[in-house]
Amino acid sequence: RSRATTRLDAANADDDWFTPAQRALLPCVDDDRWRRLEVAARTLYDWNAKVNVVSRKGLDPPTLVEKHYLPSLALLRVPGFAELEPGCRVVDVGTDGGFP
């Protein structure tokens, strides 16, 4: 089985990329938003095979979620962050290329 076929199978799999335990950590994210995050993760995974958006080293769906999505979503656990008014500005001071 080719690597490209394995990547395609993983990107099109019906299983959830965000585990129930991961979802439980962020109760402020509703089912519709989880669905949209999963669509975004699958799309990023697919595009990453074509153009190096994030590091390809050892990248599989669980790694993409654990190393890129969950750290970004962790901000929602900061008290008051999830309740910010629409239009508020947040500054991201990163140290590297990071997650788009």
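## Close-up views of a predicted four-helix model

**View 1. Asp30 and Arg33 pair through their side chains in a salt bridge, with 3.9 Å from N to O.** The model is predicted. Neither partner meets the under-20% cut-off for burial. Asp30 is partly exposed, at 37% relative accessibility. Arg33 is partly exposed as well, with a relative accessible area of 44%. The 3.9 Å separation counts as a salt bridge because the cut-off is 4 Å. The whole structure holds six salt bridges, and the pair of Asp30 and Arg33 is one of them.

**View 2. The whole protein is built from four helices and zero strands.** Followed along the sequence, the pattern reads α-α-α-α. The protein has 100 residues, and 24% of them are buried. About 7,300 Å² of the protein is exposed. Carbon and sulfur atoms account for 56% of that area. How much of the contact set comes from residues 24 or more positions apart? Among contacts with a separation of 6 or more, such pairs make up 56%.

**View 3. Within helix α3, Asp32 and Arg35 sit three residues apart, about one turn of the helix.** A salt bridge links Asp32 to Arg35, and their closest N and O atoms are 2.9 Å apart. Side chains of opposite charge can pair when their charged atoms come close. Is Asp32 buried or partly exposed? Asp32 is partly exposed, at 37% relative accessibility. Arg35 is also partly exposed, at 47%.

**View 4. Asp46 and Lys50 form another salt bridge, with the closest N and O atoms 3.2 Å apart.** Both residues belong to helix α3. Their spacing is four residues, about one turn of the helix. Asp46 is partly exposed, with 33% relative accessibility. Elsewhere, Arg23, Glu38 and Arg42 are joined into one network by salt bridges that share partners.

**View 5. Glu38, a member of that network, is found in helix α3, residues 31-50.** Is Glu38 buried or exposed? Glu38 counts as buried because its relative accessible area is 9%, and the cut-off is under 20%. Which residues does Glu38 touch, once those up to four places away in sequence are set aside? They are Asp15, Asp16, Trp17, Phe18 and Arg23. Arg23 is thus on the contact list and also in the salt-bridge network with Glu38.

**View 6. The largest nonpolar core holds 15 residues.** Trp17, Phe18, Trp34, Leu37, Leu64, Tyr69 and Leu73 touch the most other members. Helices α3 and α4 (61-73) are the elements that give two or more residues to this core. Helix α3 gives the most, with five residues. In soluble globular proteins, nonpolar side chains tend to be buried together. Trp17 and Phe18 belong to this core, and both are touched by the buried Glu38.

**View 7. Tyr69 belongs to the core and has contacts with Phe18, Leu37, Ala40, Ala41, Leu44, Leu64 and Phe99, leaving aside neighbours within four places in sequence.** Among these partners, Phe18, Leu37 and Leu64 are also named with Tyr69 as core members that touch the most others.

**View 8. His68 lies in helix α4.** His68 is buried, with a relative accessible area of 16%. Which residues contact His68, apart from its neighbours within four places in sequence? They are Val54, Thr63 and Phe99. Phe99 is in contact with Tyr69 too.

**View 9. A nonpolar patch on the surface is formed by Trp47, Val51 and Val53.** Together they have about 260 Å² of accessible area. Trp47 is placed in helix α3. Trp47 is partly exposed, with a relative accessible area of 46%.

**View 10. Cys28 and Cys88 are shown in a structure with zero disulfides.** Cys28 is partly exposed, at 37% relative accessibility. Cys88 is partly exposed too, with a relative accessible area of 41%.

Definitions and conventions. Residues are numbered from 1 along each chain as its sequence is written. This is a predicted model: local features need pLDDT of at least 70, side-chain atom pairs count only at pLDDT 80 or more; totals for chains, interfaces and linings use all residues. Side-chain values use heavy atoms; hydrogens and water are left out. Buried means under 20% relative accessible area, exposed over 50%, partly exposed in between (1.4 Å probe, protein chains only). Contact means heavy atoms within 4.5 Å. A nonpolar core is a set of buried Ala, Val, Leu, Ile, Met, Phe, Trp, Tyr and Cys residues joined through side-chain atoms within 4.5 Å. A disulfide is a pair of cysteine sulfur atoms within 2.5 Å. Patches are made of residues with over 30% relative accessible area and no salt bridge: like charges are joined within 9 Å, nonpolar side chains (Val, Leu, Ile, Met, Phe, Trp, Tyr) within 5 Å. Accessible areas come from the Shrake-Rupley method with a 1.4 Å probe; for residues, only the protein chains shown count as cover.
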